[in-house]
Amino acid sequence: MDRLASYANDPFDKPPCRGCSSYLMEPYVKCAECGPQPFLLCLQCFARGFEYKKHQSNHSYEIMTSDFAVLDPSWTAQEEMLLLEAVMDCGFGNWQDVANQMRTKTKEECEKHYMKHFINNPLFSSTLLSLKQAEEAKTADTAVTFQSTDDPPRPTFDSLLSREMAGYMPARADFIEEYDNYAEWDLRDIEFAEDDSDVLHALKVAVVDIYHSRLKERQRRKKIIKDHGLISLRKFHIRERKYPKKVQDLHEVMRRFAKLIGPTEHDKFIEGYALEFELWKEIKRLQEYRMAGITTFFSARVYERLKKTREEEYLKRTMLSEVLQYIQDGNACQQWLHRQAAIDSGLTPTTPVVSSTAGRRSAPPLNLTGLPGTEKLNDKEKE
């Protein structure tokens with residue numbers, strides 16, 4: 001069937017014939033089944049049934065030509081395209097230059113045809129007006145008033161703020177170093193050619209698919225970091241340290257499951273566990289009051305004050321006994337000091353203090369009888 005050719009009148013702008021490699025002149029034939037690259041043949045190669053690779057002579061085809069009228073019986077479609085290209089190149093109103101570039105029409109014919117069919121055409125004007133009205137109606141209810149925003153921070157490379165933000169650049173909404181940062185290197189030498197074999201073409205497509213999967217994984221990780229607020233590590237750690245030690249341990253364990261649920265659900269789970277932990281502590285405290293026979297809140301306050309005093313006295317006695325126990329051993333004394341420093345900083349030491357003299361039996365007395373020179377010692381020196 002006849003169709004408008006997709007190339008200009010210049011034969012050098014068209015790809016060559018796949019059969020004889022000559023420059024195509026209209027009309028020429030395009031295979032309707034081969035693609036995505038257009039398979040074009042001149043009339044001579046088409047008449048002798050040229051076949052190449054997947055192209056067969058019995059394939060459906062299209063005749064590519066622009067030798068037909070569109071808006072005016074005296075103007076072909078090719079001349080219409082040449083007129084529009086000339087007006088774009090020379091500018092509106094330079095009709096003499098437009099006619100010189102077209103070569104087939106005079107200055108008056110170009111001006112008259114362009115003004116009649118492209119400027120004053122009621123069909124085009126009504127179409128443009130309807131498109132403009134539709135665009136205005138689309139944006140009428142969705143317009144957002146302009147509000148100035150603060151300039152995003154731009155931390156320098158390897159600065160403290162850059163390290164706290166995990167190398168994130170807010171002005172570009174990107175990271176200095178991406179996950180799988182060298183994924184693009186596998187594609188730098190890949191080029192699809194028309195003479196590739198089926199196996200080579202499939203291999204190249206598989207490499208591109210692998211690259212796409214790596215890009216998806218990169219975007220997935222970036223989305224998790226942004227959604228869960230992990231860009232600013234300092235703020236994240238400050239928010240995490242507000243929980244008790246047991247909740248912090250759970251937060252550390254459940255962090256790996258954050259990628260499976262949304263940020264809101266993950267925060268709700270942690271907050272729910274923190275609330276459960278507080279309720280469990282309160283229930284345990286009330287059970288302790290019941291076992292102590294306390295029935296009023298005033299008695300509970302007195303009990304807590306006396307309990308705190310008793311624990312402080314017990315700690316002092318324990319510390320004094322440990323000092324007296326390890327004061328004769330320098331190594332054990334150093335271990336005890338490190339252990340107390342860890343306790344004061346909020347850590348729970350797991351290594352006990354080991355005394356170098358613990359478990360050592362006393363040495364038996366030396367028997368000096370018969371040794372040379374013992375006769376010169378008195379009884380006290382022998383002892």
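**Exercise 1.** Which charged end sits over the ring of Tyr179?

*Solution.* The structure is a predicted model. Over the ring of Tyr179 lies the charged end of Arg221, 4.0 Å from the ring centre. A second contact of this kind involves Lys246, which lies over the face of Trp280 at 4.9 Å from the ring centre.

**Exercise 2.** Describe the aromatic pair formed by Trp95 and Tyr114, and state which parts of the chain the pair ties together.

*Solution.* Step 1: the count of aromatic pairs comes to eight. Step 2: in the pair of Trp95 and Tyr114, the ring centres are 5.6 Å apart and the planes meet at 55°, which makes the pair tilted. Step 3: Trp95 belongs to helix H3 (residues 95–102) and Tyr114 to helix H4 (residues 107–119), so the pair ties together parts that are 19 residues apart in sequence. Step 4: buried means under 20% relative accessible area; Trp95, at 7%, is therefore buried, and Tyr114, at 13%, is buried as well. Step 5: ring pairs link Phe92, Trp95 and Tyr114 into a cluster.

**Exercise 3.** Determine whether each partner of the salt bridge between Arg218 and Glu184 is buried or partly exposed.

*Solution.* Step 1: the whole structure holds twelve salt bridges. Step 2: in the bridge between Arg218 and Glu184, the closest N and O atoms are 3.2 Å apart. Step 3: this pair links distant parts of the chain, with Arg218 in helix H7 (residues 198–227) and Glu184 in the loop between strand S6 (174–175) and H7, 34 residues apart. Step 4: Arg218 has 9% relative accessibility and therefore counts as buried, whereas Glu184, at 30%, is partly exposed.

**Exercise 4.** How are Asp249 and Lys245 placed in helix H9, and which residues of this helix are buried?

*Solution.* Step 1: the side chains of Asp249 and Lys245 meet in a salt bridge of 2.9 Å, N to O. Step 2: the two residues are four apart in helix H9, and therefore about one helical turn separates them. Step 3: Asp249 is partly exposed at 39% relative accessibility, and Lys245 is exposed at 57%. Step 4: the buried residues of H9 (residues 245–254) are Val247, Leu250, His251 and Met254. Step 5: viewed down the helix axis, these buried residues fall within an arc of 105°, so they line one face of H9.

**Exercise 5.** Which residues form a nonpolar patch on the surface with Leu71?

*Solution.* Step 1: Leu71 is placed in the loop between strand S4 (61–64) and helix H2 (77–90). Step 2: its relative accessibility is 31%, so Leu71 counts as partly exposed. Step 3: Phe68 and Val70 join Leu71 in the patch, and together the three have about 230 Å² of accessible area.

Methods:
Residues numbered from 1 in each chain as written. Predicted model: local features only at pLDDT ≥ 70, side-chain atom pairs only at ≥ 80, totals over all residues. Heavy atoms only, no water. Buried < 20%, exposed > 50% of the residue type's maximum accessible area, 1.4 Å probe, protein only. Arc of directions from axis to C-beta. Patch = residues over 30% accessible without salt bridge, like charges linked within 9 Å, V, L, I, M, F, W, Y side chains within 5 Å. Areas by Shrake-Rupley, 256 points an atom, 1.4 Å probe, with all protein chains shown as cover. Salt bridge = Lys/Arg side-chain N within 4 Å of Asp/Glu carboxyl O. Phe/Tyr/Trp six-rings, centres within 6.5 Å; stacked < 30°, edge-to-face > 60°. Lys NZ or Arg CZ within 6 Å of the ring centre and 35° of its normal.
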